[in-house]
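Thanks, everyone. I'll go through one chain today, from the overall numbers down to single residues. Have the viewer open.

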Amino acid sequence: MKQYIYQNKSLKRLVHWLIMSPVRTRPRWYVRMLQFLYVKRGRGSVIYNSVRRDLVPFRQCSLGARSVVESFSVLNNAVGDVFIGDHTRIGIGNTIIGPVTIGNQVNIGQHVLISGLNHNYEDLQLSIAEQGVSVAPVSIGDDVWIGGNVVILSGISIGQHAVIGAGSVVTKDIPAYSVAVGNPARVVKVYDFNLNAWVKV
């Protein structure tokens with residue numbers, strides 16, 4: 001059925017209109033009422049009432065055990081799946097737009113933007129709003145700490161136990177066991193397993 005809808009442009013447009021408001025660009029109220037059926041929640045997980053849940057049934061969204069999405073955040077899977085691991089905390093006022101995968105025991109500070117989406121702009125004959133979007137998945141490994149007001153762009157991979165300093169704009173992949181800061185973010189420390197110490201780059 002899903003494949004048939006995707007192949008039939010008119011039917012796909014109709015189904016999309018029934019699910020998403022074209023003006024408000026979020027799921028219609030009756031779709032949001034059914035999110036408990038299609039959003040997977042791990043045991044003990046918490047999504048605060050003030051979180052905007054732009055979560056549609058034709059994409060996946062899952063929140064692991066004992067993970068928390070704090071107040072005034074936005075979760076959006078309209079153009080890509082959103083997966084959040086176990087024991088992960090999404091801070092106050094975060095915006096997460098899929099496709100995004102966040103690992104286990106990740107701590108994310110306040111007002112962080114993580115987006116797997118980019119707006120197309122190349123055709124000068126069309127307005128940017130008419131050109132649609134492109135997506136590239138964001139991947140954040142286990143045990144990562146992301147400071148407040150960080151921006152993580154589409155297509156970025158952040159390795160295990162990496163630290164992203166507050167206010168950084170991440171435009172390139174960040175390796176595991178490293179500290180990155182700045183705009184654009186650059187690695188300033190790495191963990192040397194031979195020395196058992198953090199070493200400045």
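Start with contact range. Take the contacts in the chain with a separation of 6 or more: residues 24 or more positions apart account for 18% of them. Keep in mind that this is a predicted model.

Now the secondary structure. The chain comes to four helices and 25 strands. How does its radius of gyration sit against the globule rule? The value is 18 Å, and the rule gives 17 Å for 201 residues, so the chain is as compact as a globular protein of that length. Along the principal axes, the C-alpha atoms fill a box of roughly 60 × 45 × 30 Å.

Surface next. Of the 201 residues, 41% are buried. The chain exposes about 11,700 Å², with carbon and sulfur atoms supplying 56% of that area. On charge, count 20 positive side chains and 11 negative ones. The centres of those two sets are 9 Å apart.

On to the interior. The largest nonpolar core has 38 residues. Which members touch the most others? They are I102, I114, I140, I146, I152 and I158. Four elements give two or more residues to this core: strand 6 (61–63), strand 9 (82–84), strand 12 (100–102) and strand 17 (138–140).

Zoom in on I140. Beyond its neighbours within four places in sequence, I140 contacts I102, I114, I146, I152 and I158. Those names were also in the list of members with the most core contacts. I140 also reaches T101, G103 and V106.

Next, I174. It sits in the loop between strand 22 and strand 23. Is I174 buried or exposed? Its relative accessible area is 4%, under the 20% cut-off, so I174 is buried. Its C-alpha atom is 4.7 Å from that of I158, 16 residues away along the chain. I158 is also one of the residues I174 contacts outside its sequence neighbourhood of four places. The others are S157, G159, A162, I164, A180 and V187.

The loop between strand 22 (169–170) and strand 23 holds Y177 as well. Y177 is partly exposed, at 27% relative accessible area. Check its backbone: phi is near 55°, a positive value in a residue other than glycine.

R66 is another such case, with phi near 60°. Find R66 in the loop between strand 6 and strand 7 (68–69). At 56% relative accessibility, R66 counts as exposed. Why flag these backbone values? Because most residues other than glycine have a negative phi, and most peptide bonds are trans.

That brings me to the cis bonds. One runs from G98 to P99, with omega near 5°. P99 is in the loop between strand 11 and strand 12. Another joins N183 and P184, where omega is about 0°. P184 belongs to the loop between strand 23 (178–181) and strand 24 (186–192).

Now a pair of neighbours, T88 and R89. T88 is in the loop between strand 9 and strand 10 (89–90). R89 is in strand 10. Which of the two is buried? T88 is, with a relative accessible area of 1%. R89 is partly exposed, at 37%.

Look at what they touch, again leaving aside neighbours within four places. T88 contacts R66, S67 and V68, plus I102, G103, N104, Q105 and V106. So R66, the exposed residue with positive phi, is in that set. R89 contacts V68, E70, V106, N107 and I108. The C-alpha atoms of R89 and V69 are 6.2 Å apart, for a gap of 20 residues along the chain.

Last stop, T95. It is in strand 11 (residues 95–97). T95 is partly exposed, with a relative accessible area of 22%. Its contacts outside the four-place window are V74, V112, L113 and I114. I114 is one of the core residues from before. What separates the C-alpha atoms of T95 and D81, which are 14 residues apart along the chain? The answer is 14 Å.

That's my tour. Over to you for questions.

Terms used. Residues are numbered from 1 along each chain as its sequence is written. This is a predicted model: local features need pLDDT of at least 70, side-chain atom pairs count only at pLDDT 80 or more; totals for chains, interfaces and linings use all residues. Side-chain values use heavy atoms; hydrogens and water are left out. A nonpolar core is a set of buried Ala, Val, Leu, Ile, Met, Phe, Trp, Tyr and Cys residues joined through side-chain atoms within 4.5 Å. Buried means under 20% relative accessible area, exposed over 50%, partly exposed in between (1.4 Å probe, protein chains only). Contact means heavy atoms within 4.5 Å. The radius of gyration is taken over C-alpha atoms; the globule rule is 2.2 Å times the number of residues to the power 0.38. Accessible areas come from the Shrake-Rupley method with a 1.4 Å probe; for residues, only the protein chains shown count as cover. Lys and Arg count as positive and Asp and Glu as negative; His and the chain ends are not counted. The place of a charge is taken as NZ of Lys, CZ of Arg, CG of Asp or CD of Glu.
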